[in-house]
Amino acid sequence: MYATYVIWTRHMRKFVHQTEELVGLALQSVLWVLLFGVGMRGMISDVGGSDYMSFILPGIIALSALGGAVGGGMVLLDERLRGIVKEYLAAPIPRLSILLGSAASTATKALFQAALMLLVGLLMGARLAFQPSGWIGALILLAIFAIGFSGLALGVAAISRSIAGYHGMIFLFNLPLLFASNALYPLEVLPAWMKVIVLINPATYLIDAVRALAFGVEATLPLWLSALVLSGFAVASMAFALKLFQRSLRA
Amino acid sequence: MNEPAIETIDLVKRYGTLTALDHVNLQAPAGRIYALLGPNGAGKTTLLSILTTLLPPTAGSARILGFDVSRDAAEVRRRIGVTFQEMVLDPLLTGRETLDFHGRLYRLPAAMRRQRIAELVELAQLTDAIDRPVKSYSGGMKRRLELARGLMTDPQVLVLDEPTQGLDPQNRVNIWNYVRDLNRQRGMTILLTTHAMDEAEALADLVGIIDHGRLIVSGQPSELIAAMGSDVIRVRGQGNFDHVAAIAATLEGVSRVETDPADGLALIYADNGSRRLPAILNTISNNGFTIEDVTLARPSLGDVFLHYTGTALRD
(Lines give C-alpha, C1' and ligand atoms only; values in the text may rest on other atoms or scores of the structure.)
Protein backbone atom coordinates (compact mmCIF):
# COMPACT_ATOMS: atom_id res chain seq x y z
CA MET A 1 0.00 0.00 0.00
CA TYR A 2 1.31 3.34 -1.08
CA ALA A 3 0.13 5.20 2.03
CA THR A 4 2.07 2.76 4.22
CA TYR A 5 5.19 3.65 2.31
CA VAL A 6 4.50 7.39 2.64
CA ILE A 7 4.00 7.12 6.39
CA TRP A 8 7.11 4.98 6.69
CA THR A 9 9.19 7.62 4.90
CA ARG A 10 7.78 10.26 7.21
CA HIS A 11 8.78 8.31 10.30
CA MET A 12 12.21 7.66 8.88
CA ARG A 13 12.63 11.36 8.06
CA LYS A 14 11.77 12.19 11.66
CA PHE A 15 14.12 9.49 12.90
CA VAL A 16 17.00 10.99 10.94
CA HIS A 17 16.11 14.53 12.07
CA GLN A 18 16.01 13.47 15.68
CA THR A 19 19.66 12.92 16.38
CA GLU A 20 19.03 11.98 20.01
CA GLU A 21 16.85 9.03 19.05
CA LEU A 22 19.35 7.87 16.46
CA VAL A 23 22.35 8.10 18.76
CA GLY A 24 20.34 6.73 21.68
CA LEU A 25 19.31 3.64 19.76
CA ALA A 26 22.83 3.06 18.51
CA LEU A 27 24.37 3.44 21.97
CA GLN A 28 21.70 1.25 23.50
CA SER A 29 22.57 -1.53 21.10
CA VAL A 30 26.27 -1.24 21.75
CA LEU A 31 25.82 -1.11 25.53
CA TRP A 32 23.52 -4.12 25.57
CA VAL A 33 26.07 -6.24 23.80
CA LEU A 34 29.04 -4.86 25.68
CA LEU A 35 27.74 -4.94 29.22
CA PHE A 36 25.36 -7.82 29.14
CA GLY A 37 27.31 -10.02 26.78
CA VAL A 38 30.65 -9.46 28.43
CA GLY A 39 29.25 -9.83 31.93
CA MET A 40 27.53 -13.10 31.17
CA ARG A 41 30.50 -14.43 29.27
CA GLY A 42 32.58 -14.13 32.38
CA MET A 43 30.24 -16.65 34.01
CA ILE A 44 29.50 -19.00 31.18
CA SER A 45 32.06 -19.98 28.62
CA ASP A 46 29.90 -21.87 26.15
CA VAL A 47 26.37 -23.11 25.65
CA GLY A 48 25.64 -26.20 23.63
CA GLY A 49 28.86 -25.98 21.69
CA SER A 50 28.69 -22.31 20.76
CA ASP A 51 30.41 -19.49 22.61
CA TYR A 52 28.12 -17.50 24.87
CA MET A 53 28.43 -14.29 22.88
CA SER A 54 27.10 -16.04 19.80
CA PHE A 55 24.43 -17.62 21.94
CA ILE A 56 23.24 -14.44 23.55
CA LEU A 57 23.38 -12.07 20.55
CA PRO A 58 20.14 -13.26 18.91
CA GLY A 59 18.36 -12.84 22.25
CA ILE A 60 19.68 -9.34 22.74
CA ILE A 61 18.73 -8.43 19.19
CA ALA A 62 15.20 -9.76 19.70
CA LEU A 63 14.84 -7.86 22.93
CA SER A 64 16.01 -4.61 21.45
CA ALA A 65 13.42 -5.12 18.71
CA LEU A 66 10.89 -5.33 21.52
CA GLY A 67 12.16 -2.03 22.85
CA GLY A 68 11.82 -0.64 19.34
CA ALA A 69 8.21 -1.83 19.14
CA VAL A 70 7.44 -0.09 22.42
CA GLY A 71 8.98 3.07 20.95
CA GLY A 72 6.90 2.66 17.79
CA GLY A 73 3.76 2.44 19.89
CA MET A 74 4.87 5.61 21.66
CA VAL A 75 5.06 7.43 18.33
CA LEU A 76 1.47 6.51 17.55
CA LEU A 77 0.34 7.38 21.07
CA ASP A 78 2.10 10.73 20.84
CA GLU A 79 0.53 11.44 17.45
CA ARG A 80 -2.83 10.40 18.82
CA LEU A 81 -2.62 12.50 21.97
CA ARG A 82 -1.42 15.52 20.04
CA GLY A 83 -4.04 15.08 17.35
CA ILE A 84 -1.49 14.61 14.57
CA VAL A 85 -3.16 11.33 13.68
CA LYS A 86 -6.18 13.35 12.52
CA GLU A 87 -4.23 14.39 9.46
CA TYR A 88 -4.06 10.71 8.46
CA LEU A 89 -7.65 10.05 9.44
CA ALA A 90 -8.99 12.82 7.23
CA ALA A 91 -6.92 11.65 4.27
CA PRO A 92 -8.21 9.14 1.73
CA ILE A 93 -6.06 6.26 3.01
CA PRO A 94 -6.98 2.98 4.74
CA ARG A 95 -6.75 2.98 8.54
CA LEU A 96 -4.57 -0.12 8.36
CA SER A 97 -1.91 1.73 6.38
CA ILE A 98 -1.38 4.09 9.34
CA LEU A 99 -0.57 1.11 11.55
CA LEU A 100 1.48 -0.68 8.93
CA GLY A 101 3.51 2.47 8.32
CA SER A 102 4.34 2.59 12.03
CA ALA A 103 5.17 -1.11 12.17
CA ALA A 104 7.36 -0.84 9.09
CA SER A 105 9.37 2.00 10.56
CA THR A 106 9.77 0.05 13.80
CA ALA A 107 11.05 -2.94 11.83
CA THR A 108 13.48 -0.73 9.97
CA LYS A 109 14.88 0.67 13.19
CA ALA A 110 15.14 -2.87 14.59
CA LEU A 111 17.16 -3.92 11.55
CA PHE A 112 19.43 -0.93 11.97
CA GLN A 113 19.99 -1.87 15.58
CA ALA A 114 20.52 -5.51 14.75
CA ALA A 115 23.21 -4.64 12.24
CA LEU A 116 25.02 -2.56 14.82
CA MET A 117 24.76 -5.25 17.45
CA LEU A 118 26.06 -7.88 15.12
CA LEU A 119 29.01 -5.68 14.33
CA VAL A 120 29.83 -5.11 17.98
CA GLY A 121 29.18 -8.76 18.75
CA LEU A 122 31.64 -9.79 16.07
CA LEU A 123 34.24 -7.46 17.50
CA MET A 124 33.60 -9.04 20.87
CA GLY A 125 34.28 -12.50 19.51
CA ALA A 126 30.94 -13.83 18.34
CA ARG A 127 31.34 -16.22 15.44
CA LEU A 128 28.93 -15.62 12.59
CA ALA A 129 28.28 -18.52 10.23
CA PHE A 130 29.54 -17.63 6.79
CA GLN A 131 26.33 -17.95 4.83
CA PRO A 132 24.89 -14.63 3.58
CA SER A 133 21.56 -16.23 2.63
CA GLY A 134 21.20 -17.24 6.28
CA TRP A 135 21.89 -13.66 7.41
CA ILE A 136 19.25 -12.33 5.09
CA GLY A 137 16.79 -14.94 6.28
CA ALA A 138 17.51 -14.00 9.88
CA LEU A 139 16.97 -10.31 9.15
CA ILE A 140 13.68 -11.02 7.38
CA LEU A 141 12.46 -13.01 10.37
CA LEU A 142 13.60 -10.22 12.67
CA ALA A 143 11.58 -7.72 10.63
CA ILE A 144 8.49 -9.94 10.82
CA PHE A 145 9.01 -10.30 14.56
CA ALA A 146 9.35 -6.54 14.99
CA ILE A 147 6.12 -6.01 13.04
CA GLY A 148 4.42 -8.55 15.29
CA PHE A 149 5.36 -6.77 18.47
CA SER A 150 4.65 -3.41 16.90
CA GLY A 151 1.11 -4.68 16.43
CA LEU A 152 0.74 -5.40 20.14
CA ALA A 153 2.31 -2.08 21.11
CA LEU A 154 0.20 -0.17 18.58
CA GLY A 155 -2.94 -1.86 19.83
CA VAL A 156 -2.16 -0.78 23.36
CA ALA A 157 -1.20 2.70 22.13
CA ALA A 158 -4.52 2.96 20.28
CA ILE A 159 -6.53 2.70 23.47
CA SER A 160 -4.20 4.23 26.09
CA ARG A 161 -5.31 7.54 27.47
CA SER A 162 -1.90 8.62 28.72
CA ILE A 163 1.77 7.89 28.31
CA ALA A 164 1.99 6.49 31.85
CA GLY A 165 -0.94 4.16 31.22
CA TYR A 166 0.69 2.94 28.04
CA HIS A 167 3.96 2.11 29.77
CA GLY A 168 2.13 0.38 32.61
CA MET A 169 0.36 -1.92 30.17
CA ILE A 170 3.44 -2.50 28.03
CA PHE A 171 5.51 -3.43 31.07
CA LEU A 172 3.08 -6.27 31.72
CA PHE A 173 4.17 -8.17 28.65
CA ASN A 174 7.69 -6.86 28.23
CA LEU A 175 9.45 -8.50 31.16
CA PRO A 176 7.91 -11.99 30.86
CA LEU A 177 8.94 -11.99 27.21
CA LEU A 178 12.57 -11.69 28.20
CA PHE A 179 12.64 -14.31 30.92
CA ALA A 180 10.06 -16.70 29.51
CA SER A 181 12.08 -17.26 26.38
CA ASN A 182 15.23 -19.01 25.27
CA ALA A 183 17.09 -15.69 25.12
CA LEU A 184 19.26 -16.34 28.14
CA TYR A 185 19.26 -20.12 28.47
CA PRO A 186 18.80 -22.99 26.04
CA LEU A 187 15.44 -24.66 25.73
CA GLU A 188 16.72 -28.06 26.81
CA VAL A 189 17.68 -27.01 30.34
CA LEU A 190 14.17 -25.78 31.18
CA PRO A 191 11.63 -27.81 33.19
CA ALA A 192 8.65 -29.04 31.20
CA TRP A 193 6.11 -26.52 32.57
CA MET A 194 8.34 -23.58 31.73
CA LYS A 195 9.06 -25.04 28.31
CA VAL A 196 5.34 -24.76 27.58
CA ILE A 197 5.33 -21.08 28.47
CA VAL A 198 8.50 -20.45 26.53
CA LEU A 199 7.06 -22.15 23.47
CA ILE A 200 4.06 -19.79 23.53
CA ASN A 201 6.44 -16.84 23.30
CA PRO A 202 7.09 -15.80 19.67
CA ALA A 203 10.51 -14.48 20.72
CA THR A 204 11.61 -18.07 21.28
CA TYR A 205 11.03 -18.92 17.63
CA LEU A 206 12.88 -15.89 16.36
CA ILE A 207 15.84 -16.45 18.62
CA ASP A 208 16.11 -20.12 17.73
CA ALA A 209 15.87 -19.38 14.01
CA VAL A 210 18.42 -16.57 14.13
CA ARG A 211 20.85 -18.80 16.00
CA ALA A 212 20.48 -21.41 13.31
CA LEU A 213 20.54 -19.07 10.33
CA ALA A 214 23.20 -16.57 11.30
CA PHE A 215 25.37 -18.41 13.78
CA GLY A 216 25.23 -21.94 12.46
CA VAL A 217 23.93 -23.40 15.71
CA GLU A 218 21.76 -26.45 15.20
CA ALA A 219 18.09 -25.42 15.39
CA THR A 220 16.05 -26.88 18.25
CA LEU A 221 12.82 -26.02 16.47
CA PRO A 222 12.16 -26.63 12.77
CA LEU A 223 12.86 -23.50 10.73
CA TRP A 224 9.61 -23.71 8.80
CA LEU A 225 7.71 -23.80 12.09
CA SER A 226 9.52 -20.72 13.35
CA ALA A 227 8.77 -18.86 10.12
CA LEU A 228 5.13 -19.91 10.30
CA VAL A 229 4.69 -18.96 13.96
CA LEU A 230 6.33 -15.56 13.44
CA SER A 231 4.25 -14.76 10.33
CA GLY A 232 1.04 -15.87 12.02
CA PHE A 233 1.95 -13.78 15.04
CA ALA A 234 2.59 -10.70 12.90
CA VAL A 235 -0.75 -11.03 11.08
CA ALA A 236 -2.69 -11.68 14.29
CA SER A 237 -1.13 -8.79 16.16
CA MET A 238 -1.74 -6.34 13.30
CA ALA A 239 -5.37 -7.48 13.23
CA PHE A 240 -5.49 -6.89 16.98
CA ALA A 241 -4.02 -3.40 16.53
CA LEU A 242 -6.48 -2.54 13.75
CA LYS A 243 -9.41 -3.68 15.82
CA LEU A 244 -8.46 -1.57 18.82
CA PHE A 245 -7.55 1.38 16.61
CA GLN A 246 -10.93 1.30 14.89
CA ARG A 247 -12.67 0.97 18.21
CA SER A 248 -10.86 4.02 19.54
CA LEU A 249 -12.05 6.01 16.52
CA ARG A 250 -15.69 5.18 17.01
CA ALA A 251 -15.91 6.79 20.42
CA MET B 1 -31.35 22.55 -8.69
CA ASN B 2 -28.50 24.07 -6.75
CA GLU B 3 -27.41 21.36 -4.37
CA PRO B 4 -25.76 22.61 -1.19
CA ALA B 5 -22.06 21.81 -0.87
CA ILE B 6 -22.59 20.69 2.72
CA GLU B 7 -25.84 19.29 4.02
CA THR B 8 -26.83 17.47 7.17
CA ILE B 9 -30.21 15.86 7.77
CA ASP B 10 -31.37 15.27 11.34
CA LEU B 11 -27.80 14.62 12.36
CA VAL B 12 -27.48 13.19 15.87
CA LYS B 13 -24.36 12.31 17.85
CA ARG B 14 -24.53 10.83 21.32
CA TYR B 15 -21.67 9.92 23.62
CA GLY B 16 -23.30 7.51 26.03
CA THR B 17 -26.08 9.54 27.59
CA LEU B 18 -24.69 12.89 26.48
CA THR B 19 -26.22 14.30 23.32
CA ALA B 20 -23.56 16.30 21.52
CA LEU B 21 -25.61 16.96 18.38
CA ASP B 22 -29.37 17.04 18.44
CA HIS B 23 -31.02 16.75 15.01
CA VAL B 24 -28.86 19.25 13.20
CA ASN B 25 -30.09 20.32 9.78
CA LEU B 26 -27.42 22.44 8.16
CA GLN B 27 -27.18 23.62 4.58
CA ALA B 28 -24.13 25.44 3.30
CA PRO B 29 -24.35 26.56 -0.33
CA ALA B 30 -21.41 26.11 -2.68
CA GLY B 31 -18.96 28.97 -3.00
CA ARG B 32 -19.89 30.64 0.27
CA ILE B 33 -18.33 31.08 3.69
CA TYR B 34 -20.50 29.52 6.36
CA ALA B 35 -19.65 30.21 10.00
CA LEU B 36 -20.89 28.02 12.81
CA LEU B 37 -21.08 30.29 15.80
CA GLY B 38 -21.40 28.98 19.31
CA PRO B 39 -19.74 28.76 22.72
CA ASN B 40 -17.16 26.11 23.52
CA GLY B 41 -18.86 22.78 24.09
CA ALA B 42 -21.80 23.63 21.84
CA GLY B 43 -21.04 20.72 19.49
CA LYS B 44 -19.18 22.57 16.75
CA THR B 45 -16.12 20.32 16.74
CA THR B 46 -18.27 17.18 16.91
CA LEU B 47 -20.18 18.39 13.87
CA LEU B 48 -16.97 19.06 11.96
CA SER B 49 -15.55 15.68 12.99
CA ILE B 50 -18.56 13.97 11.44
CA LEU B 51 -18.39 16.11 8.30
CA THR B 52 -14.69 15.30 7.89
CA THR B 53 -15.39 11.55 8.39
CA LEU B 54 -13.42 11.30 11.65
CA LEU B 55 -16.50 10.32 13.64
CA PRO B 56 -19.53 8.29 12.59
CA PRO B 57 -22.93 9.87 13.32
CA THR B 58 -25.29 8.15 15.77
CA ALA B 59 -28.28 8.91 13.55
CA GLY B 60 -29.17 11.06 10.58
CA SER B 61 -26.91 11.72 7.64
CA ALA B 62 -24.46 14.23 6.26
CA ARG B 63 -23.34 14.84 2.71
CA ILE B 64 -20.52 16.83 1.23
CA LEU B 65 -20.73 17.63 -2.48
CA GLY B 66 -23.40 14.94 -2.67
CA PHE B 67 -21.24 12.23 -1.06
CA ASP B 68 -22.41 10.63 2.15
CA VAL B 69 -19.79 10.95 4.89
CA SER B 70 -20.39 7.39 6.10
CA ARG B 71 -20.91 5.47 2.87
CA ASP B 72 -18.58 7.43 0.59
CA ALA B 73 -16.00 8.51 3.17
CA ALA B 74 -13.09 8.12 0.74
CA GLU B 75 -14.79 10.37 -1.85
CA VAL B 76 -15.44 13.00 0.81
CA ARG B 77 -11.86 12.85 2.08
CA ARG B 78 -10.49 13.31 -1.42
CA ARG B 79 -12.44 16.54 -1.90
CA ILE B 80 -12.05 18.38 1.37
CA GLY B 81 -9.26 20.25 3.12
CA VAL B 82 -9.27 20.49 6.89
CA THR B 83 -7.61 22.36 9.69
CA PHE B 84 -8.27 21.21 13.22
CA GLN B 85 -8.82 23.18 16.36
CA GLU B 86 -5.52 22.16 17.90
CA MET B 87 -2.31 22.66 15.95
CA VAL B 88 -1.79 19.34 14.23
CA LEU B 89 1.80 19.67 13.06
CA ASP B 90 4.84 17.53 13.50
CA PRO B 91 7.43 19.76 15.20
CA LEU B 92 10.35 17.79 13.76
CA LEU B 93 9.44 18.24 10.10
CA THR B 94 10.16 21.39 8.15
CA GLY B 95 7.32 23.37 6.63
CA ARG B 96 8.21 22.07 3.19
CA GLU B 97 8.30 18.47 4.39
CA THR B 98 4.93 18.95 6.07
CA LEU B 99 3.33 20.15 2.84
CA ASP B 100 5.10 17.60 0.67
CA PHE B 101 4.16 14.72 2.92
CA HIS B 102 0.54 15.81 2.87
CA GLY B 103 0.54 15.93 -0.92
CA ARG B 104 2.02 12.44 -1.07
CA LEU B 105 -0.69 11.09 1.23
CA TYR B 106 -3.15 12.28 -1.41
CA ARG B 107 -0.99 10.85 -4.21
CA LEU B 108 -0.24 14.14 -5.89
CA PRO B 109 2.56 13.73 -8.45
CA ALA B 110 5.93 15.25 -7.54
CA ALA B 111 5.79 18.04 -10.11
CA MET B 112 2.37 19.16 -8.91
CA ARG B 113 3.52 19.07 -5.29
CA ARG B 114 6.48 21.29 -6.11
CA GLN B 115 4.27 23.74 -7.93
CA ARG B 116 1.59 23.87 -5.23
CA ILE B 117 4.17 24.29 -2.47
CA ALA B 118 5.74 27.19 -4.36
CA GLU B 119 2.34 28.88 -4.69
CA LEU B 120 1.16 28.21 -1.18
CA VAL B 121 4.37 29.24 0.52
CA GLU B 122 3.95 32.65 -1.04
CA LEU B 123 0.26 32.84 -0.28
CA ALA B 124 0.88 31.86 3.35
CA GLN B 125 3.85 34.25 3.61
CA LEU B 126 6.20 31.54 4.78
CA THR B 127 8.91 32.00 2.16
CA ASP B 128 11.71 32.55 4.66
CA ALA B 129 10.67 29.87 7.09
CA ILE B 130 9.59 27.03 4.84
CA ASP B 131 12.80 25.02 5.23
CA ARG B 132 13.00 25.42 8.98
CA PRO B 133 11.58 22.83 11.39
CA VAL B 134 8.02 23.61 12.42
CA LYS B 135 9.02 23.76 16.08
CA SER B 136 10.70 27.11 15.38
CA TYR B 137 7.46 28.64 14.03
CA SER B 138 5.28 31.15 15.88
CA GLY B 139 1.60 30.41 16.46
CA GLY B 140 0.51 32.48 13.50
CA MET B 141 3.03 30.83 11.19
CA LYS B 142 1.90 27.38 12.29
CA ARG B 143 -1.69 28.27 11.57
CA ARG B 144 -0.78 29.61 8.14
CA LEU B 145 1.18 26.44 7.42
CA GLU B 146 -1.82 24.35 8.43
CA LEU B 147 -4.04 26.35 6.11
CA ALA B 148 -1.51 25.89 3.33
CA ARG B 149 -1.52 22.16 4.04
CA GLY B 150 -5.29 22.06 3.86
CA LEU B 151 -5.00 23.69 0.42
CA MET B 152 -2.29 21.39 -0.96
CA THR B 153 -4.91 19.15 -2.53
CA ASP B 154 -6.86 22.08 -4.00
CA PRO B 155 -10.03 21.02 -2.17
CA GLN B 156 -13.51 22.05 -3.23
CA VAL B 157 -14.58 22.41 0.38
CA LEU B 158 -12.37 23.77 3.14
CA VAL B 159 -13.31 23.02 6.74
CA LEU B 160 -11.67 25.16 9.43
CA ASP B 161 -12.19 24.49 13.12
CA GLU B 162 -11.57 27.66 15.13
CA PRO B 163 -9.01 28.95 12.61
CA THR B 164 -7.82 31.90 14.68
CA GLN B 165 -8.00 30.49 18.20
CA GLY B 166 -5.03 31.59 20.26
CA LEU B 167 -3.73 34.08 17.70
CA ASP B 168 -3.02 37.74 18.33
CA PRO B 169 -5.27 40.36 16.68
CA GLN B 170 -2.89 41.08 13.82
CA ASN B 171 -2.56 37.43 12.89
CA ARG B 172 -6.30 36.98 13.15
CA VAL B 173 -6.89 39.71 10.59
CA ASN B 174 -4.22 38.13 8.36
CA ILE B 175 -5.98 34.79 8.47
CA TRP B 176 -9.32 36.45 7.79
CA ASN B 177 -7.97 38.12 4.67
CA TYR B 178 -6.46 34.84 3.57
CA VAL B 179 -9.73 32.95 4.01
CA ARG B 180 -11.69 35.67 2.21
CA ASP B 181 -9.26 35.63 -0.72
CA LEU B 182 -9.56 31.86 -1.03
CA ASN B 183 -13.28 32.14 -1.17
CA ARG B 184 -13.37 35.02 -3.65
CA GLN B 185 -10.55 33.99 -5.95
CA ARG B 186 -11.14 30.26 -6.08
CA GLY B 187 -14.82 30.10 -5.30
CA MET B 188 -14.02 27.67 -2.53
CA THR B 189 -16.80 26.65 -0.16
CA ILE B 190 -15.60 27.29 3.37
CA LEU B 191 -17.16 26.02 6.57
CA LEU B 192 -15.62 27.37 9.73
CA THR B 193 -16.44 27.32 13.40
CA THR B 194 -15.82 30.14 15.78
CA HIS B 195 -16.81 31.32 19.19
CA ALA B 196 -15.79 34.87 18.31
CA MET B 197 -18.57 37.15 17.18
CA ASP B 198 -16.25 39.50 15.29
CA GLU B 199 -14.87 36.60 13.29
CA ALA B 200 -18.30 35.54 12.12
CA GLU B 201 -19.14 39.15 11.30
CA ALA B 202 -15.90 39.67 9.40
CA LEU B 203 -16.08 36.52 7.30
CA ALA B 204 -19.39 34.84 7.02
CA ASP B 205 -21.85 34.99 4.16
CA LEU B 206 -24.01 32.74 6.28
CA VAL B 207 -24.07 32.15 10.00
CA GLY B 208 -25.49 29.21 11.91
CA ILE B 209 -25.91 29.65 15.63
CA ILE B 210 -25.31 26.44 17.53
CA ASP B 211 -25.81 25.87 21.24
CA HIS B 212 -26.22 22.71 23.31
CA GLY B 213 -25.92 20.58 20.19
CA ARG B 214 -28.79 22.27 18.35
CA LEU B 215 -28.55 24.47 15.29
CA ILE B 216 -30.88 27.17 16.52
CA VAL B 217 -31.01 29.54 13.59
CA SER B 218 -29.10 30.20 10.41
CA GLY B 219 -29.10 32.85 7.75
CA GLN B 220 -27.25 35.84 6.39
CA PRO B 221 -25.86 37.94 9.23
CA SER B 222 -27.49 41.10 7.85
CA GLU B 223 -30.90 39.41 7.75
CA LEU B 224 -30.57 37.97 11.21
CA ILE B 225 -29.59 41.35 12.51
CA ALA B 226 -32.30 43.21 10.62
CA ALA B 227 -34.90 40.88 12.09
CA MET B 228 -33.89 42.07 15.54
CA GLY B 229 -35.35 45.56 15.12
CA SER B 230 -33.89 48.94 14.40
CA ASP B 231 -31.97 49.94 17.53
CA VAL B 232 -30.85 48.23 20.68
CA ILE B 233 -30.11 49.84 24.01
CA ARG B 234 -27.71 47.70 26.02
CA VAL B 235 -27.96 48.39 29.72
CA ARG B 236 -25.56 46.92 32.21
CA GLY B 237 -26.34 47.10 35.90
CA GLN B 238 -27.84 45.47 38.92
CA GLY B 239 -31.39 44.93 40.05
CA ASN B 240 -34.41 42.78 39.44
CA PHE B 241 -34.12 41.98 35.74
CA ASP B 242 -37.56 40.39 35.40
CA HIS B 243 -39.23 43.39 36.94
CA VAL B 244 -37.28 45.83 34.81
CA ALA B 245 -37.98 43.84 31.67
CA ALA B 246 -41.71 43.81 32.36
CA ILE B 247 -41.86 47.53 32.93
CA ALA B 248 -39.58 48.54 30.05
CA ALA B 249 -41.61 46.44 27.64
CA THR B 250 -44.68 48.60 28.27
CA LEU B 251 -42.93 51.82 27.27
CA GLU B 252 -43.75 53.53 24.03
CA GLY B 253 -41.53 52.50 21.10
CA VAL B 254 -40.06 49.47 22.86
CA SER B 255 -40.60 46.34 20.82
CA ARG B 256 -38.88 43.74 22.98
CA VAL B 257 -36.70 43.33 26.08
CA GLU B 258 -34.22 40.53 26.62
CA THR B 259 -32.15 39.97 29.73
CA ASP B 260 -29.17 37.92 30.73
CA PRO B 261 -29.00 38.38 34.52
CA ALA B 262 -25.87 36.22 34.79
CA ASP B 263 -24.07 38.79 32.67
CA GLY B 264 -25.88 41.77 34.25
CA LEU B 265 -27.21 42.71 30.83
CA ALA B 266 -30.55 43.90 29.53
CA LEU B 267 -31.22 44.53 25.84
CA ILE B 268 -34.06 46.88 25.06
CA TYR B 269 -35.08 46.98 21.40
CA ALA B 270 -36.67 50.22 20.32
CA ASP B 271 -37.91 51.76 17.08
CA ASN B 272 -35.79 54.88 17.58
CA GLY B 273 -33.16 54.42 20.23
CA SER B 274 -31.85 57.94 20.65
CA ARG B 275 -35.34 59.40 21.03
CA ARG B 276 -36.55 56.75 23.49
CA LEU B 277 -33.36 56.57 25.54
CA PRO B 278 -34.09 59.20 28.24
CA ALA B 279 -37.56 57.86 29.01
CA ILE B 280 -36.38 54.29 29.17
CA LEU B 281 -33.42 54.98 31.44
CA ASN B 282 -35.54 57.18 33.64
CA THR B 283 -38.17 54.51 34.06
CA ILE B 284 -35.85 51.64 34.86
CA SER B 285 -33.72 53.59 37.33
CA ASN B 286 -36.93 54.70 39.08
CA ASN B 287 -37.78 51.03 39.49
CA GLY B 288 -34.84 50.11 41.66
CA PHE B 289 -32.38 49.26 38.90
CA THR B 290 -28.81 50.53 39.24
CA ILE B 291 -27.49 51.44 35.81
CA GLU B 292 -23.73 51.06 35.35
CA ASP B 293 -23.30 51.39 31.64
CA VAL B 294 -25.44 52.18 28.65
CA THR B 295 -24.74 51.85 24.94
CA LEU B 296 -27.03 52.56 22.07
CA ALA B 297 -26.31 50.76 18.83
CA ARG B 298 -27.60 48.93 15.84
CA PRO B 299 -28.16 45.31 16.82
CA SER B 300 -25.17 43.04 16.29
CA LEU B 301 -24.65 39.34 15.78
CA GLY B 302 -24.03 39.18 19.52
CA ASP B 303 -27.56 40.42 20.14
CA VAL B 304 -28.85 37.84 17.68
CA PHE B 305 -27.01 35.20 19.66
CA LEU B 306 -28.51 36.36 22.95
CA HIS B 307 -31.93 36.52 21.39
CA TYR B 308 -31.87 32.92 20.22
CA THR B 309 -29.90 31.25 23.00
CA GLY B 310 -30.93 33.30 26.03
CA THR B 311 -27.34 33.94 27.06
CA ALA B 312 -24.57 36.18 25.87
CA LEU B 313 -21.75 34.44 24.00
CA ARG B 314 -18.75 33.98 26.23
CA ASP B 315 -15.36 32.53 25.47
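Helices (H or I, at least four residues) and strands (E, at least two) are DSSP runs, numbered from the N terminus. This is a predicted model, in which local features need pLDDT of at least 70, side-chain atom pairs count only at pLDDT 80 or more, and totals for chains, interfaces and linings use all residues. Residues are numbered from 1 along each chain as its sequence is written, and chains are lettered from A and ligands numbered from 1 in the order in which they are written.

**Positive phi in chain B**

Most residues other than glycine have a negative phi. The table lists residues of chain B with a positive phi.

| Residue | Phi | Place |
|---|---|---|
| B:Gln125 | about 55° | loop between helix H4 (110-123) and helix H5 (139-151) of chain B |
| B:Glu162 | about 50° | loop between strand S8 (157-161) and helix H6 (169-186) of chain B |
| B:His212 | near 50° | hairpin of S10(B) and S11(B) |

Burial is judged from C-beta atoms placed from the backbone: a residue is buried if 20 or more others lie within 10 Å of its own, exposed if 12 or fewer, and partly exposed in between. B:Glu162 is buried because 21 other C-beta atoms lie within 10 Å. B:Gln125 has 14 other C-beta atoms within 10 Å, so B:Gln125 is partly exposed.

**The hairpin of S10(B) and S11(B)**

Two strands pair if DSSP finds at least two bridges between them. Strand S10 (residues 206-211) and strand S11 (residues 214-219), both of chain B, pair in the antiparallel sense over five bridges. B:Arg214 in S11(B) has B:Asp211 opposite. The hairpin has two residues between the strands.

**B:Val82**

B:Val82 belongs to strand S7 (residues 80-83) of chain B. This residue counts as buried because it has 27 C-beta neighbours inside 10 Å. Contact is assigned to two residues if their C-beta atoms, placed from the backbone, lie within 7 Å. Apart from neighbours within four places in sequence, B:Val82 is in contact with B:Thr52, B:Gly150, B:Val159 and, from the other chain, A:Ala90. From B:Val82 to B:Leu192 the C-alpha to C-alpha distance is 9.8 Å, although 110 residues separate them in sequence.

**Contact of chains A and B**

Chain A gives 18 residues to the contact and chain B gives 20 residues. On the side of chain A that touches chain B, helix H1 (2-17) and helix H4 (85-89) of chain A are the elements that give two or more residues. H1(A) supplies the largest share of that side, seven residues. By class, the side of chain A has nine nonpolar residues (Ala, Val, Leu, Ile, Met, Phe, Trp, Tyr, Cys and Pro), six charged (Asp, Glu, Lys and Arg) and three polar (the others, Gly among them).
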